[in-house]
Amino acid sequence: MNSTTKDHFTFNVHNSALVVGQTGSGKTELVRQYIRRIERAYTPDQMKYVLFDLKQVEFDPSWDGGAKMEYLYTTVRTGTPDDMDYLEELAELAKTRATQDMPIPFLFIYIEECDLAVQYPGRFHEAVITINNNANAANMKLIFSTSRPSRDIITPELRDSFDLILSGVLASHADEETLATRGSLTTHDFMVKEQRSY
């Protein structure tokens with residue numbers, strides 16, 4: 001695995017990313033800028049996103065800078081038990097789409113913070129790993145961001161299912177060990193770890 005502290009990078013060619021770092025390290029803004037960029041690249045017919053805004057404040061369509069209604073594949077999800085069911089439905093959809101020839105629309109899935117991972121760890125891990133493992137063929141991308149990358153939330157199996165790990169400032173050496181990442185306690189730059197090569 002390679003790591004870099006470059007200030008500018010692109011990860012649109014990859015199909016899944018784990019974004020970690022303390023609150024205020026820029027995780028949400030990074031994803032928001034990425035969403036704005038893919039909105040410029042795709043029409044609402046070509047791309048849809050599924051947003052799990054578990055803090056219920058970051059992507060509310062009613063305020064400027066929130067989700068754009070025309071791009072939503074479903075309503076913004078807020079961490080209810082039904083949302084875990086829906087994540088599992090997306091995992092099944094990923095397997096189905098992976099058997100098709102370039103399915104459309106491109107589906108971008110973003111999960112903000114880790115409440116579902118805490119409430120339903122086994123189900124959450126299985127669903128996300130399934131999506132990640134089928135994302136390339138299914139024309140899907142998943143980004144999961146969390147400020148709490150503890151071992152019970154980020155298991156080695158879940159960590160290794162992501163194409164990229166973008167790491168901002170971490171809270172402890174235990175977090176570094178969970179992510180197999182060294183040097184993230186003091187740097188404010190995102191480190192990019194490439195997990196797969198295409």
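Student: How many bridges join strand β1 to β5?

Tutor: Keep in mind that this is a predicted model. Strand β1 covers residues 16-20 and runs parallel to β5. One contact to look up is V19, whose bridge partner in β5 is L166. The number of bridges joining β1 to β5 is four.

Student: Which residues of β5 point the other way from L164 and L166?

Tutor: In a regular strand the side chains alternate between the two faces of the sheet. Strand β5 spans residues 164-167, and its residues are buried on either side. L164 and L166 point one way, so to speak, which leaves the other way to I165 and S167.

Student: What kind of aromatic pair do Y34 and F108 form?

Tutor: There are five aromatic pairs in the structure. A pair of aromatic rings is described by the distance of the centres and the angle of the planes. For Y34 and F108 those are 5.5 Å and 50°, and the pair is tilted.

Student: How many residues apart are Y34 and F108?

Tutor: Y34 sits in helix α1 (residues 27-41), while F108 belongs to strand β3 (residues 106-112). Y34 counts as buried because its relative accessibility is 4%, and F108 is buried too, at 0%. The pair links distant parts of the chain, 74 residues apart.

Student: Why is the pair of Y49 and Y71 called stacked?

Tutor: Y49 is in strand β2 and Y71 in the loop between β2 and α2, so the pair ties together parts 22 residues apart in sequence. Y49 is buried at 0% relative accessibility, and Y71 is buried at 7%. Planes under 30 degrees apart count as stacked. The ring centres are 6.0 Å apart, and the pair is stacked because the planes are at 25°.

Student: Which ring does the charged end of R32 sit over?

Tutor: Arginines sit over rings at two places I can point you to: R123 has its charged end over Y120, 5.4 Å from the ring centre. For R32 the distance to the ring centre is 5.1 Å, and the ring is that of F59.

Student: Within what arc do the buried residues of α2 fall?

Tutor: An α-helix has 3.6 residues a turn, so residues three or four places apart point the same way. The buried residues of α2 are D83, M84, Y86, L87, L90, A91, A94 and R97, whereas exposed P81 and D82 are on the face turned away from them. Elements covering the buried residues include β2, β3, α3, α4 and β4. Seen down the axis, the buried residues line one face of the helix, because they fall within an arc of 160°.

Note on methods
Residues numbered from 1 in each chain as written. Predicted model: local features only at pLDDT ≥ 70, side-chain atom pairs only at ≥ 80, totals over all residues. Heavy atoms only, no water. Buried < 20%, exposed > 50% of the residue type's maximum accessible area, 1.4 Å probe, protein only. Helix = DSSP H or I, 4+ residues; strand = E, 2+ residues; numbered from the N terminus. Pairing = 2+ DSSP bridges. Phe/Tyr/Trp six-rings, centres within 6.5 Å; stacked < 30°, edge-to-face > 60°. Lys NZ or Arg CZ within 6 Å of the ring centre and 35° of its normal. Arc of directions from axis to C-beta. Contact = heavy atoms within 4.5 Å.
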